[in-house]
Structure formats: C-alpha cells, structure tokens
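Please open the model in your viewer, with side chains available for display, and follow the selections below in order.

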Amino acid sequence: MALTKIAKLSEIGPGSSKAIKIGDKSIAIFNIDGKFYAVDETCPHQGGPLAEGAVEELTVRCPWHGAIFSLETGEGIAGPCGNGVRHYDTKVSGDDLEIDIS
Ligand code: FES
C-alpha cells in the first residue's frame with residue numbers, strides 16, 4: 001500500500017467534494033459525514049466530472065448523463081457506467097487525507 005497525501009482535511013468539508021490532480025490522474029474526493037471516499041474523477045462514459053455529481057447515500061451520479069457509481073467500490077450501478085471507475089482507499093493522517101494509489 002503506497003499512501004500519498006492528496007489534500008488537507010479542511011479543503012473538503014463535510015458534504016463537499018473536490019477533484020484533485022496527482023500526476024496524470026484526476027481523483028474525485030467526497031466527504032460524507034466525515035468519512036472520505038475517493039474514485040477516479042473521469043466518468044468512463046464520455047468523461048463527465050464525477051466530483052461535480054450528485055451524491056446520494058454512498059453513490060455519485062455523473063452530472064452529464066446520469067451514470068451512477070458506488071463510492072465504496074467504484075462499481076457501476078446504473079446508466080452508461082461501463083466497467084465502473086477505480087476506487088482508492090483513503091486514510092486520515094493528522095490534518096491530511098491520504099489515498100492509496102498503488
Ligand atoms: S459522461 Fe458520465 S454518464 Fe455520460
């Protein structure tokens with residue numbers, strides 16, 4: 001497991017989300033009730049920005065055509081979700097949020 005610092009906790013308050021670039025990856029981070037979830041930011045359908053999608057329970061709906069993905073696994077649940085998106089494990093370390101990008 002290779003943990004990488006991706007953000008300060010204060011950047012992603014409860015109920016918010018943010019797209020963050022790491023190298024050539026763009027990752028969508030969600031704070032749901034103080035727990036952090038990370039998946040690839042780019043929707044596999046036509047590239048919609050998942051960090052801008054509507055969150056319902058532990059899913060996100062792509063803002064472009066409505067594909068729905070699990071924030072717990074990245075699995076596609078409904079709509080044109082292809083094979084889903086990559087999910088990343090997250091860890092809070094002090095004031096930092098880390099993800100496993102290995
Ligand atoms: S780009 Fe996400 S559903 Fe079409």
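Begin by selecting Glu11, which counts as partly exposed because its relative accessibility is 39%. The model you are looking at is a predicted one. Now add Lys18 to the selection and show both side chains, which meet in a salt bridge with an N to O distance of 2.8 Å. Lys18 also counts as partly exposed, with a relative accessibility of 29%.

This pair belongs to a set of three salt bridges found in a search of the whole structure. For the others, clear the selection and pick Lys5, Lys8 and Asp96, which are linked in a network of salt bridges.

Within that network, look at Lys5 and Asp96, whose closest N and O atoms are 3.4 Å apart in the salt bridge that they form. Lys5 lies in strand S1, residues 3–8, and Asp96 in strand S11, residues 96–100, so this salt bridge ties together parts that are 91 residues apart in sequence. If you colour by accessibility, which of the categories buried or exposed applies to Asp96? Asp96 counts as buried, at 12% relative accessibility, whereas Lys5 counts as exposed, at 57%.

Next, keep Asp96 in view and turn to Lys8, where the side chains of the two residues meet in a salt bridge of 2.8 Å, N to O. This pair, too, links distant parts of the chain, with Asp96 in strand S11 and Lys8 in strand S1, 88 residues apart. Lys8 has a relative accessibility of 40% and therefore counts as partly exposed.

Technical notes:
Residues are numbered from 1 along each chain as its sequence is written. This is a predicted model: local features need pLDDT of at least 70, side-chain atom pairs count only at pLDDT 80 or more; totals for chains, interfaces and linings use all residues. Side-chain values use heavy atoms; hydrogens and water are left out. A salt bridge is a side-chain nitrogen of Lys or Arg within 4 Å of a carboxyl oxygen of Asp or Glu. Helices (H or I, at least four residues) and strands (E, at least two) are DSSP runs, numbered from the N terminus. Buried means under 20% relative accessible area, exposed over 50%, partly exposed in between (1.4 Å probe, protein chains only).
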